[in-house]
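I opened this model to look up its fold, two helices and two loop residues. My notes are below the display.

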Amino acid sequence: RRAEWRDRLLHMLRVAGRLPLHRSTDASLSRGRGRLLDVFVALFLDEVDAITRAGLVRGYRSERSNRRSFSGRLIVQEQLRQNLVHRERFFVQRPVHDADQLPNHVLRAGLEVLGGTALASSVEARRRGLRLRLADLPERPIRASDLDRLTLTRKTERYRTALTLADLLIRSHTPGPRAGDLAVVGFLFDMNTLWEAYVASLLRRQAPATIDVRTQVRSGFWTAPGRRRALRPDIALHCRESQRASAVIDTKWKRPSGGTPSDPDLKQMFAYNEALGTSRAFLAYPAEREPRAATRGAFLGGRHEASTVYLGVDGGGEEWAYLWASATSSFDGVR
């Protein structure tokens, strides 16, 4: 059961484009080798290896130091405080071009987090070797605030996958409950976000050139002096010619009680239809082992409707076909 859900998770990550999981990794998993953590560790080490072989990104930063040679801009206050009796020294601020850059420190922090995890001896040896390649970086703790302000540039775009994995490692690292325990690493995915990205990705693969599949599009629904509120449906299908929305899909990573959507979920879909002027809304749940038929219902007044649909993680089956056929049939009236 655990292996089944591990494979499903990896499949969803791959389809959603969150991580580039390759066929070699898939093959080892299909033969039952390795834990989920091992997959991410191997991928992270591969990415760090490629980055360090190509050369760490370098950039300019401002450095303040007390030097024997004058270079840069003299900091008068510090010069008087520190060098009043050391006339041979200069306290200066100068630009430095080196690898002491935040993306490199994040990679190093990811490698250090793995140092407290039970890894295979060969993997641990590889981790230590990669850590040595970053040995020239000065010690610098990485906090969540550092990860939040990390942005990619043209020069650091090649770091994207490695930084994504390092972010997961650093944020999910927690110490053991007793002194002397090894640190443990847990990977916590926001399954609602992943499920939304997975469904949207598969819908985009099926969408004809006349339909846009958009996610998290804001639509205003309440205003007051100095205040505004907006709705953001997970997925909306738009006609490219008219730019009008025809259907909305809200993805829910849960099992509705008794197979019936909750009142708040139905009210949410009613609001989406009203705000976007759509005629159909769908609550998309993950399918369980036993297939469950879609339920179609109309809101009071009959102007629009909402349906539940249970989608398999494999991206195929009658429910996916039903969702696409029902959602796009409303385009007939959109011009």
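The entries run from the whole chain to single residues.

**Ground rules.** I am working with a predicted model, where local features need pLDDT of at least 70, side-chain atom pairs count only at pLDDT 80 or more, and totals for chains, interfaces and linings use all residues. Residues are numbered from 1 along each chain as its sequence is written, and side-chain values use heavy atoms, with hydrogens and water left out.

**Whole chain.** I find 11 helices and 13 strands. These are DSSP runs, numbered from the N terminus: helices are H or I of at least four residues, strands E of at least two. Of the 335 residues, 43% are buried (under 20% relative accessible area, 1.4 Å probe, protein chains only).

**H11.** I checked the length of helix H11, residues 318–329. Its 12 residues should span 16 Å at 1.5 Å a residue (1.5 Å times one less than the number of residues), and the end C-alpha atoms are 16 Å apart, which agrees. Its buried residues include Trp320, Leu323, Trp324 and Ala327. The buried residues pack against helix H9 and several strands, among them S6 (211–215), S9 (235–239) and S10 (245–251). Contact here means heavy atoms within 4.5 Å.

**Loops.** I then turned to phi. Glutamine 216, in the loop between S6 and S7, has a positive phi near 55 degrees. Glutamine 243 lies in the loop between S9 and S10, with a positive phi of about 65 degrees. Which exposure class does glutamine 243 fall in? Glutamine 243 is partly exposed at 43% relative accessible area (partly exposed lies between under 20% and over 50%).
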